[in-house]
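These are my notes from a sitting with one chain, set down in the order in which I looked things up.

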Amino acid sequence: HHLLIGINSDASGWFPWQPRTRHRNISSAAARALADEVLVRFARQLAGRLAPPAPALGYALALNPAPARAVEVTLQTEHPLGFASARGEPIATAVSLVDGRWHARARLELPAYGYRLLGLVPAVQIEPRLWSAGSEVHFGGRFARLEQGVLTAGEQEREVSISVAPFLLSDPSGVAETEQVVPNWERAFTRVRHSIFGCDLEVFTELAWAVWLRLVLGLREDHIEVTAEVHVDMPRRIGPLGYDPQGLLLQFASTPGAVYYDVPYATIQHQTADASFVAAQRFVALESGPAAFGLVALEGNQSFMLAGRDGVLAANLGASTQGRPDTRPQCIIFPDGTAEHRITSGGDPLYGSYTHRFALVFGDHAALAMAAHRLRTLVALVRVEPGGGYWPAARSLLDITPDTVRVTAFRTTNDGFEIVLNDLSGAPTCVSVTGSTKQTADLGPYGVATLGERFSGR
């Protein structure tokens, strides 16, 4: 109930009214707090069934609500600690001090819909995370470079160019003149950083007076992570205002092709090749033969601009759309029964810092759907005290085939449990689920099925 209130678009009304916004935020926070409490309670109950592990300074249980995968995890610790297996074998860990807090980061192999117990041991080495001069990085067959004013990123023979589209910039105070900004990378500063998990290329530039962009392209094992930080030193309006979503666009360009994006439980093809905006659930994709690629939004909802005819996918980094009314809204009712709404709004200005995170992934829309689920499904790390049982240190609680099928809901009923399954491939398939028993179901393209059973994992 709290979550539905928090994500309901009508909760903000036609205008961002402060009481509605607060109600929406509080409901979202309440939903997260309740979910975290259930998660921690489950992890500790599960830890009580595990066999005693090797001695360590502490333990953390990784819970994987997805198929088997290798994933990066991060745990905040009270002092420099690294990860080890339940048998005491060290795991490669990057230990760093960020904003006065110690963080341990590792890439782990996790079983499907299961858990893995980790030990916490004294850190062997502290990652310096130092930047050095440079404008090009390579890692795992992927690359990112800024050369002669052109920023590109890709893997093997496939690449995309990255740019900021021209935008309209205005001053709400009326002091600075309205201008059409045409950004480029000519005066950008770059530097690079290397770690055990990949390489980073940082690009920093002044887009206009009082508007700055810090772009970090992180090369990882299976994708390129894109972090875009927009810093606005003084209140500024970006875009043509009104309800026009055109704002500050970070463009990724390749060759023309068909564009796709995902909606709940399915992927659909965009119906127009002209530039237009969509609010994708998780990803957008451009299919243009071998150069097919897509963008996965890694944090929350994200507005994208799609232009298949031009071979462009663009992430919207902010726009001053119709904002809070400057004066009290009025509704004037005339004697003939008609009415006129009078609302004065110049568009919300941008001021401060705004961060957007994406994953650049190469492949068709089916591959993007799989990657989006993998990257957007988080792994919970819970501090626990294991022992007292006989279960192994790592185990899968559900076996689901094929790997294109995902669990979208897991809920209790009066007589057991139910799981809701969804196929991501867009092709008919037969799903098999093995927990305490084995069940099957036929799914159509992007089909959904509900299986009820007591999946205890015993």
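I began with the surroundings of R193 and, setting aside residues up to four places away in sequence, I found that R193 touches R129, L130, W131, G198, C199 and D200. R193 belongs to strand β13, which covers residues 189–195. I then looked up its exposure: the relative accessible area of R193 is 14%, and since anything under 20% counts as buried, I entered R193 as buried. I note here that the model is a predicted one, and that every entry below should be read with that in mind.

Next I stepped back to the whole chain. I count three helices and 35 strands in the chain. The C-alpha atoms fill a box of roughly 75 × 65 × 45 Å along the principal axes. I wanted to know how the radius of gyration compares with that of a compact globule: for 458 residues such a globule would come out near 23 Å, and the chain, at 25 Å, agrees with this. Of the contacts with a separation of 6 or more, 65% are between residues 24 or more positions apart. Buried residues amount to 46% of the 458 residues, while the chain exposes about 23,100 Å², of which carbon and sulfur atoms supply 53%. For the charges, I noted 39 positive and 45 negative ones, with mean positions 8 Å apart.

I then turned to strand β6, residues 114–122, and asked how many of its nine residues are buried. The count is seven, so I recorded the strand as mostly covered. Its pairings took up the rest of this entry. β1 and β6 pair in the antiparallel sense over seven bridges, and within that pairing L61 stands opposite L117 of β6. Strand β3, residues 81–84, also runs antiparallel to β6 and is joined to it by four bridges; there the bridge partner of A84 is G119 in β6. With β29 the pairing of β6 is again antiparallel, over three bridges, and R116 stands opposite A394 in β29. As a reminder to myself when reading such pairs, side chains in a regular strand alternate between the two faces of the sheet.

From β29 I moved to the loop before it, between β28 (380–384) and β29 (394–396), where P392 lies. P392 is partly exposed, with a relative accessible area of 41%. Apart from neighbours within four places in sequence, P392 is in contact with L50 and Y115. I also looked up V361, which is 31 residues from P392 along the chain, and found their C-alpha atoms separated by 35 Å.

G48 sits in the loop between α2 (18–47) and β1 (58–64), and I looked for its contacts beyond four places in sequence: they are G387, G388 and G389. G48 is partly exposed, its relative accessible area being 33%. As a longer span I took G48 and L217, which are 169 residues apart in sequence and 42 Å apart from C-alpha to C-alpha.

Further along the chain I examined strands β31 (residues 405–413) and β32, which pair in the antiparallel sense over eight bridges and are joined by a hairpin through two residues. One of the bridges sets R406 against N422 in β32. Strand β32 itself, residues 416–423, has six of its eight residues buried, so I described it as largely enclosed by the rest of the structure.

My last entries concern the backbone. Most residues other than glycine have a negative phi, and most peptide bonds are trans, so I checked where the chain departs from this. The bond joining T401 and P402 is a cis peptide, with omega about 0°, and P402 is placed in the loop between β30 (399–401) and β31. Q148, which is not a glycine, has a positive phi near 55°; it lies in the loop between β8 (142–147) and β9 (150–155), and at a relative accessible area of 76% Q148 is exposed. Y265, likewise not a glycine, has a positive phi of about 75°. Y265 is in the loop between β18 (258–263) and β19 (266–269), and with a relative accessible area of 39% I entered Y265 as partly exposed.

Definitions and conventions. Residues are numbered from 1 along each chain as its sequence is written. This is a predicted model: local features need pLDDT of at least 70, side-chain atom pairs count only at pLDDT 80 or more; totals for chains, interfaces and linings use all residues. Side-chain values use heavy atoms; hydrogens and water are left out. The radius of gyration is taken over C-alpha atoms; the globule rule is 2.2 Å times the number of residues to the power 0.38. Buried means under 20% relative accessible area, exposed over 50%, partly exposed in between (1.4 Å probe, protein chains only). Contact means heavy atoms within 4.5 Å. Accessible areas come from the Shrake-Rupley method with a 1.4 Å probe; for residues, only the protein chains shown count as cover. Lys and Arg count as positive and Asp and Glu as negative; His and the chain ends are not counted. The place of a charge is taken as NZ of Lys, CZ of Arg, CG of Asp or CD of Glu. Two strands pair if DSSP finds at least two bridges between them.
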